[in-house]
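This briefing guides a first-year reader through selected features of one protein chain. Please keep the sequence and the structure in view while reading.

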Amino acid sequence: MKTVALELFHLTAPLAEPIGNALVTFDRRETLLVRLTDAAGTAGWGESWTAPETVAALIARHLAPCVLGQDPQALGRLWRACGAACGPHGQGLTGMAVAAVDMALHDLAARQRGVPVATLLGGAVRERVPAYASGPFFAPGGHPYRHYQRECEGYLRAGFRAIKLRCGLAPAEDGAVAQAVRALLGPERGLMVDFNQSYTPRAAIEAARRMEAAELGWIEEPAAPGDLAGYRLAAGHVRPAIAGGETFEGAAAFLPFLGQGVMDVLQPDLAVCGGFEGVRRVVMLAELHQLAVVPHVWGSLVNFHAALHLAATLPVGRWGGPVALPMLEYDVGPNPLLSLLGRPELGADGAVAVPQGPGLGFELDPGRLAPFVTSHRVLRVE
Ligand SMILES: [Mg+2]
């Protein structure tokens with residue numbers, strides 16, 4: 001069944017209270033969704049990560065002609081056609097444009113077959129994926145960690161068994177907050193920290209030293225994304241696992257970090273790294289190098305569900321934390337775009353169920369998007 005329409009939704013959701021990390025403060029949630037419809041009216045959803053208007057223009061100009069009027073089951077052929085239409089290797093914003101279209105193709109192809117996306121990816125190996133609370137975030141207007149204790153208590157009440165703090169303010173501050181949260185968690189729950197590229201590798205090493213008593217599972221982005229020398233320096237001095245790669249726009253960007261002992265947990269984002277086809281290549285590389293994959297998640301319920309289906313299919317990853325990998329990154333900040341159909345349900349076991357319905361497993365009426373639509377464009381097969 002061929003595709004007949006591709007819609008682009010630029011969504012913006014202002015936040016009542018800004019949130020941030022060591023790198024940036026957000027006063028809104030913003031994303032680009034792609035909706036691809038076939039002749040029978042079945043629709044699949046995809047999502048891109050940043051610069052919605054620019055990515056929308058790339059999709060409209062270069063990618064829509066590749067996929068409109070085509071059979072979405074030809075996933076590999078269409079992914080390559082999209083990459084070729086954007087230029088070699090699909091890097092930068094083009095990688096994100098391809099990601100959104102590829103995600104929509106997978107959702108649509110799975111819905112046409114009446115199977116979950118996880119089945120399309122080769123089959124789920126788990127029905128529930130343990131989630132970690134991705135938060136708390138910096139609170140502007142005072143000490144950025146001032147609500148961490150209270151917010152972490154809330155995550156524990158919600159059922160989370162692992163928490164990832166946004167850190168990177170200053171090594172001494174990081175040491176204090178990590179030890180306080182570890183005291184709250186006890187020894188059986190996972191604790192990770194994310195420096196969001198804010199430190200020099202030496203500052204990251206110093207922060208890690210001050211956090212040693214907190215028994216961290218992983219340290220995320222201890223250096224700038226492509227700084228292999230910085231990762232190498234950090235890896236030589238910190239004890240926890242090192243995680244990274246959320247901004248990598250294609251599997252090739254991971255290559256220099258493999259076989260080096262500098263990155264233990266690979267975090268490709270489906271909305272950045274070429275969609276399912278792109279991340280499939282990262283998963284293969286990780287498996288060959290005996291490394292864990294934990295998909296990075298940011299954005300709406302579309303990317304969340306995409307990561308959930310991918311995580312359902314991944315092999316158990318090696319690391320030293322108390323909760324088995326893969327885990328699902330669960331954004332616990334204010335996010336109306338994640339809650340379009342209500343907040344995804346976290347079980348008492350700290351895990352999220354993999355939807356058994358067709359495609360990504362949710363039914364999203366485009367009318368639900370109305371309060372957040374900044375622009376909407378419809379492209380049809382000619
Ligand atoms: Mg991160």
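Gln 197 has a relative accessible area of 22%, and because buried means under 20%, this residue counts as partly exposed. The place of Gln 197 is in the loop between strand 6 and helix 7 (201–210). Its phi is near 65°, a positive value in a residue other than glycine. The model described here is predicted.

**Backbone angles in loops**

- A positive phi in a residue other than glycine also occurs at Gln 290, where the angle is near 60°.
- Gln 290 is found in the loop between helix 9 (275–288) and strand 10 (292–293).
- The relative accessibility of Gln 290 is 47%, so this residue is counted as partly exposed.
- A glycine with a positive phi, near 90°, is Gly 41, in the hairpin of strand 2 and strand 3.

**Cis peptide bonds**

- The peptide bond from Gly 135 to Pro 136 is cis, and its omega is near 0°.
- Pro 136 belongs to the loop between strand 4 and helix 5.
- The peptide bond from Leu 325 to Pro 326 is cis as well, with omega near 5°.
- Pro 326 is found in the loop between helix 10 and strand 11, and Leu 325 lies in the loop between helix 10 and strand 11 too.
- Leu 325 has a relative accessibility of 2%, so it counts as buried.
- Leu 325 and Val 265 are 60 residues apart along the chain, and their C-alpha atoms are separated by 9.4 Å.

**The magnesium site**

- Which residues are the protein donors of the magnesium ion? They are Asp 194 (OD), Glu 220 (OE) and Glu 246 (OE), at 2.0 to 2.1 Å from the ion.
- Along the sequence, these donor residues follow the spacing D-x25-E-x25-E.
- Asp 194 lies in strand 6 (residues 190–194) and Glu 246 in the loop between strand 8 (241–244) and strand 9 (265–266), so this pair ties together parts of the chain that are 52 residues apart in sequence.
- Asp 194 and Glu 246 are both buried.

**Strand 4 and its partners**

- Strand 4 (residues 128–134) is mostly covered, with five of its seven residues buried.
- Strand 12 (residues 351–353) runs antiparallel to strand 4, and three bridges join the two. Within this pairing, Val 129 has Val 352 as its bridge partner.
- Strand 11 (residues 328–331) pairs with strand 4 in the parallel sense over four bridges. Here the bridge partner of Ser 134 is Asp 331.
- Strand 5 (residues 162–166) also pairs with strand 4 in the parallel sense, over two bridges. In strand 5, the bridge partner of Ser 134 is Lys 164.
- Strand 4, helix 5 (residues 148–158) and strand 5 form a right-handed β-α-β unit.

**Strand 2 and strand 3**

- Strand 2 (residues 25–38) pairs with strand 3 in the antiparallel sense, over six bridges.
- In this pairing, Leu 36 has Gly 44 as its bridge partner in strand 3.
- The hairpin of these strands has four residues between them.
- Is strand 3 (residues 43–48) enclosed or exposed? Six of its six residues are buried, so it is largely enclosed by the rest of the structure.
- In a regular strand, side chains alternate between the two faces of the sheet.
- In strand 3, Ala 43, Trp 45 and Glu 47 point one way, while Gly 44, Gly 46 and Ser 48 point the other way; all are buried.

**Helix 10**

- Helix 10 (residues 301–313) has 13 residues; at 1.5 Å a residue these should span 18 Å, which agrees with the 19 Å between its end C-alpha atoms.
- Of the 13 residues of helix 10, 13 are buried, so the helix is largely enclosed by the rest of the structure.
- At the start of helix 10, a side-chain oxygen of Ser 300 comes to within 3.0 Å of the backbone nitrogen of Val 302.

**A span annotated in UniProt**

- An unreviewed UniProt entry lists residues 145–241 as "domain: Mandelate racemase/muconate lactonizing enzyme C-terminal".
- In the model, residues 145–241 are 45% helix and 14% strand, and the end C-alpha atoms of the span lie 23 Å apart.

Terms used:
Residues numbered from 1 in each chain as written. Predicted model: local features only at pLDDT ≥ 70, side-chain atom pairs only at ≥ 80, totals over all residues. Heavy atoms only, no water. Donors = N, O, S within 2.8 Å, 3.2 Å for Na, K, Ca; no water. Buried < 20%, exposed > 50% of the residue type's maximum accessible area, 1.4 Å probe, protein only. UniProt positions renumbered as here; feature names shortened; annotations may be inferred. Pairing = 2+ DSSP bridges. Right-handed = clockwise from strand over helix to strand, strands pointing away. Expected span 1.5 Å × (residues − 1). Polar contact = N/O pair within 3.5 Å; in protein donor to acceptor, adjacent residues only side chain to side chain.
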